[in-house]
Amino acid sequence: MLHINDNYQKLPGSYLFAETARRTKAYQEAHPEQEIIRLGIGDVTRPLVPAVITAMHKAVDEMGRRETFRGYGPDFGYDFLVNAIRDGDYASRGIDLAYDEVFVSDGAKSDVGNIQELFAPDAVIAVTDPVYPVYVDSNAMAGRAGSWTGERWDRLVYLPCTEENGFVPSVPDHPVDVLYLCYPNNPTGTVLTRAQLKVFVDWARKNGAVIIYDAAYKAFISTPEIPLSIYEIEGAREVAIECCSFSKTAGFTGTRCAYTVVPHEVKGRTADGKEVELNAMWKRRMATKFNGVSYPVQRAAAAVYTEEGQRQIKEVIAYYLENARIIREGLSERGFRIYGGVNAPYIWLKTPEGIDSWTFFDKLLNECRVVGTPGAGFGPSGEGYFRLTAFNTPEKTREAISRLDLFKL
Ligand code: PLP
């Protein structure tokens, strides 16, 4: 019989969202007359914008005519999209990317999950804590995380992000090969200033480490000084791979399109000490295991960069950020300590003294009929915190916040 990858047996169940859904369902069944408001939604809710839909329709029609039909596309993305990304997201900010440094894909989740295939089995991995679980689980599946102790993986380096450090971790204090960073952050909603991001880039350059920079939420950055890309920091091209997505930028969670940037300067070494470009390895990996994003979806993504597309997606982002403002201000007025929600769709709140994050979840559900996500589910340092999201409607968001008056301390 096949000997399976035993690392899969070590993975704890994906408990967080299953458990919040179970508790919510139990409450709803016991109180069918009550309306629950969901501020735990991690998915977009507004439809695709007209510019995107028009481009996608046109491309679908092209696929239906012999003269314009297309089969397999280029492995790393069509020219029109790769160039729109280079111009729209990078050249416009003074960052020059070579054509073959951009890889179009079906999602940032796939890219941040798959990128670890390029690292040695014994590479030492660091993550911020709390964390988007894909970085952790994908490395655990490959055996790099060690054993699950019930709370943490014993071979991963966790960098705590707490109120005390403003959710900006210190650089690792022992040798690390790869560091995953996500800014704007899920779940804390925090961002890094240029100076803060430079500390990580300088650390990686000094220590021969690689940074996987997940910028899936960059479209929410509204403060002008906050960098949209890690490549705005000098030297980042030597050490950073950046993963971006149209999911949150343009509502593509169900449409699927993203891209990853792998500069030629990012290098690793073989067992016998030879230097290798990660770009060449990623090319090889994508050409072998991926067959491209569909033509209509790439046309739809390219439409995001048109003047009309930009105006329309900015309006949608502003809608979510307005919800975030309603949550932030409503919570502050009610005496909660809150973080994020200015340059991110996530608001991270400190649970009141003596109330852990799952107890807070239950109280919010039972007393206010509002659902959010317990911070403990994102990692050990998430205990004592709670995540609310800006993806509901303004009406429901306002109503949810006013219900917090029912919360009993
Ligand atoms: N990265 C982070 C931090 C996320 O929170 C998410 C989705 O919630 C993703 C990546 C997934 O992006 P995509 O839809 O492009 O796979």
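This dialogue works through the ligand site, some unusual backbone geometry and one pocket of a predicted model.

Me: Which residues surround the ligand most closely?

Reply: The shell around the ligand holds 14 residues, and Asp 214, Tyr 217, Ser 245, Ser 247 and Arg 256 are the closest. By class, this shell divides into 6 nonpolar, 4 polar and 4 charged residues.

Me: Which polar backbone atoms lie at 2.8 Å and 2.9 Å from an oxygen atom of the ligand?

Reply: A polar backbone atom of Ala 108 lies 2.8 Å from a ligand oxygen, and one of Lys 109 lies 2.9 Å from a ligand oxygen. A side chain takes part as well: an N or O atom of Tyr 217 is 2.6 Å from an oxygen atom of the ligand.

Me: How much of the ligand does the protein bury?

Reply: The ligand taken alone exposes 400 Å², and the protein buries 90% of that. Helix 5 (108-114) and helix 9 are the elements that give two or more residues to the surrounding shell.

Me: What should one expect of phi and of peptide bonds in general?

Reply: Most residues other than glycine have a negative phi, and most peptide bonds are trans. Here, Arg 256 has a positive phi of about 75 degrees although it is not a glycine. Arg 256 sits in the loop between helix 9 (246-250) and strand 8 (258-261), and it is among the residues closest to the ligand.

Me: Where is Phe 167, and what is its phi?

Reply: Phe 167 belongs to the loop between strand 4 (157-160) and strand 5, and its phi is near 65 degrees, a positive value.

Me: Are Phe 167 and Arg 256 buried or partly exposed?

Reply: Residues under 20% relative accessible area count as buried. Phe 167 is therefore buried, at 1% relative accessibility, whereas Arg 256, at 31%, is partly exposed.

Me: Which peptide bonds are cis?

Reply: The bond from Asp 129 to Pro 130 is cis, with omega near 10 degrees; Pro 130 lies in the loop between strand 3 (125-129) and helix 6 (133-141). The bond from Tyr 183 to Pro 184 is also cis, with omega near -5 degrees, and Pro 184 is placed in the loop between strand 5 (178-182) and helix 7.

Me: What lines the second largest pocket?

Reply: This pocket, with a volume of about 720 Å³, is lined by 24 residues, of which Asp 177, Gly 208, Lys 267, Gly 268 and Arg 269 lie nearest its centre. Strand 9 gives the largest share of the lining, 3 residues. By class, the lining comprises 13 nonpolar, 3 polar and 8 charged residues.

How values were computed:
Residues numbered from 1 in each chain as written. Predicted model: local features only at pLDDT ≥ 70, side-chain atom pairs only at ≥ 80, totals over all residues. Heavy atoms only, no water. 1 Å grid on protein atoms, 1.4 Å probe; cavity = no way out; pocket = protein on both sides within 12 Å on 5 of 7 lines; lining within 4 Å. Points joined across faces, edges and corners; volume = space filled by probe spheres on them. Helix = DSSP H or I, 4+ residues; strand = E, 2+ residues; numbered from the N terminus. Nonpolar A, V, L, I, M, F, W, Y, C, P; charged D, E, K, R; others polar. Buried < 20%, exposed > 50% of the residue type's maximum accessible area, 1.4 Å probe, protein only. Near = heavy atom within 4 Å. Polar contact = N/O pair within 3.5 Å; in protein donor to acceptor, adjacent residues only side chain to side chain. Areas by Shrake-Rupley, 256 points an atom, 1.4 Å probe, with all protein chains shown as cover.
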